[in-house]
Amino acid sequence: MLELVLPWVIVGLFVLFILSLLKKWWRFALFCLAVMFVTNILTQSFPLRFRGSREAVCETTGSSGLQTLKLMTFNIDGSKMSTDGVERMREFILAQQADIVLLIECFGEGPLLLHEALKDEFGYSSYGKVGREQRLYSKFPIESSTLIKSDSDRSSANYRYELSVLGQPLHLYCVHLASNNQGAGGKGYSTPDDIEDMEQFKGYMRKIVNARSQRSLEARAIADEIRGLDGGLCVVMGDFNDVGGSAPLRRLRLAGMRDAWWRGGLGYGATYRKLPFRIDHILYSSPLRLQDVARLRTTLSDHNALTATFMIDNKD
């Protein structure tokens with residue numbers, strides 16, 4: 001819960017900092033600046049990048065044999081996709097020219113039609129039916145997919161895909177961590193719009209506490225797998241249902257993963273449209289080198305899409 005509030009605490013501190021400067025309250029301004037800076041570092045909320053990623057500029061200069069790899073994650077909220085919206089969704093996805101695309105919540109007739117429209121554009125695809133259904137599209141061979149088990153009390157919706165990318169193995173973790181709207185054991189789905197009295201409010205708060213615990217367990221299972229990997233490229237992407245600085249993000253960061261938005265984004269970059277939170281993420285580790293990251297605003301879903309472009313050595 002605290003992680004959801006802290007980004008707006010940072011905004012409030014920034015406002016107080018500006019007002020203090022105008023009033024020439026120098027000590028108070030310095031205090032606000034210090035607290036704002038430390039909180040921002042701990043939560044990885046507002047990256048200060050003005051032109052792409054310094055990492056890519058520094059590490060790729062003078063290199064040869066490098067290729068770009070662009071990934072995209074997008075919760076399409078498929079149950080609400082009309083058949084008329086399929087073509088607009090297809091055009092939006094293809095316009096990003098991504099090499100690998102993860103689509104989440106692919107249930108209903110619309111996503112089936114979308115799959116027929118997309119599968120030949122990429123060449124390879126995989127379907128994760130368990131949990132919140134996901135589809136992966138790739139221009140590179142998908143060699144295997146594995147459902148990741150954890151100590152969470154809900155059915156996992158997280159998969160590990162093994163791909164061969166330019167002569168290198170890519171361990172791709174596609175995740176949809178537990179939602180606050182889901183009850184214990186994956187039962188009793190409801191949203192804040194369904195709250196009509198105090199008892200329902202208390203019940204929803206219990207869901208939030210339970211979901212937070214489930215997300216941490218799911219992230220721990222993924223982090224444990226990552227620590228056991230023997231080389232290759234590694235990416236974790238999808239709908240985390242949690243913000244930067246939360247327990248799941250911290251667990252993955254301790255496993256060596258880097259947040260692409262924190263490394264190369266600008267501003268908060270909210271990906272959930274109903275409430276301004278950044279809950280969709282792309283995490284990566286070396287030897288991938290971040291070149292660019294972008295949040296793509298759209299009204300096609302209740303989420304915005306997220307893309308990240310990396311530079312990798314071509315070993316083919």
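This briefing covers the salt bridges, the cysteines and one beta sheet of the structure. The model is predicted. It holds 10 salt bridges, and a search of the whole structure finds 0 disulfides. One open sheet is built from 6 strands with mixed pairing.

**Salt bridges around R160**

- R160 forms a salt bridge with E225, with 2.7 Å between the closest N and O atoms.
- R160 lies in strand β6 (residues 159-165) and E225 in helix α6 (residues 198-227), so this pair ties together parts that are 65 residues apart in sequence.
- The relative accessible area of R160 is 17%, so R160 is buried, whereas E225, with a value of 25%, is partly exposed.
- The side chain of R160 also meets that of E162 in a salt bridge, at 3.0 Å from N to O.
- Both residues of the R160 and E162 pair are buried.

**The R278 and D259 salt bridge**

- The side chains of R278 and D259 meet in a salt bridge at 3.3 Å, N to O.
- R278 sits in the loop between α8 (260-264) and β10 (280-284), while D259 belongs to strand β9 (residues 258-259); the pair links distant parts of the chain, 19 residues apart.
- R278 counts as buried at 1% relative accessibility, and D259 is buried with a relative accessible area of 7%.

**A salt-bridge network**

- E87, R90 and E121 are joined into one network by salt bridges that share partners.

**Cysteines**

- C106 counts as buried, at 5% relative accessibility.
- C234 is buried as well, with a relative accessible area of 3%.

**The six-stranded sheet**

- The strand order is β3-β4-β2-β1-β12-β11.
- β3 (124-128) and β11 (289-296) are the edge strands, each pairing on one side only.
- From one strand to the next, the twist averages 15 degrees.
- Strands β1 (residues 66-75) and β12 (residues 305-313) pair in the antiparallel sense over 8 bridges.
- Opposite L69 stands F310 in β12.

**Helices packed on the sheet**

- Helix α4 (residues 86-95) packs on the sheet and touches β1, β2 (100-104), β11 and β12.
- The direction of α4 makes about 150 degrees with that of β1.
- Helix α5 (residues 109-122) also packs on the sheet, where it touches β2, β3 and β4 (134-138).
- The direction of α5 makes about 20 degrees with that of β4.

Notes:
Residues are numbered from 1 along each chain as its sequence is written. This is a predicted model: local features need pLDDT of at least 70, side-chain atom pairs count only at pLDDT 80 or more; totals for chains, interfaces and linings use all residues. Side-chain values use heavy atoms; hydrogens and water are left out. A salt bridge is a side-chain nitrogen of Lys or Arg within 4 Å of a carboxyl oxygen of Asp or Glu. Buried means under 20% relative accessible area, exposed over 50%, partly exposed in between (1.4 Å probe, protein chains only). Helices (H or I, at least four residues) and strands (E, at least two) are DSSP runs, numbered from the N terminus. A disulfide is a pair of cysteine sulfur atoms within 2.5 Å. Two strands pair if DSSP finds at least two bridges between them. Axes are lines fitted to C-alpha atoms, for helices over the stretch in contact, and angles run from 0 to 180 degrees between N-to-C directions. Contact means heavy atoms within 4.5 Å.
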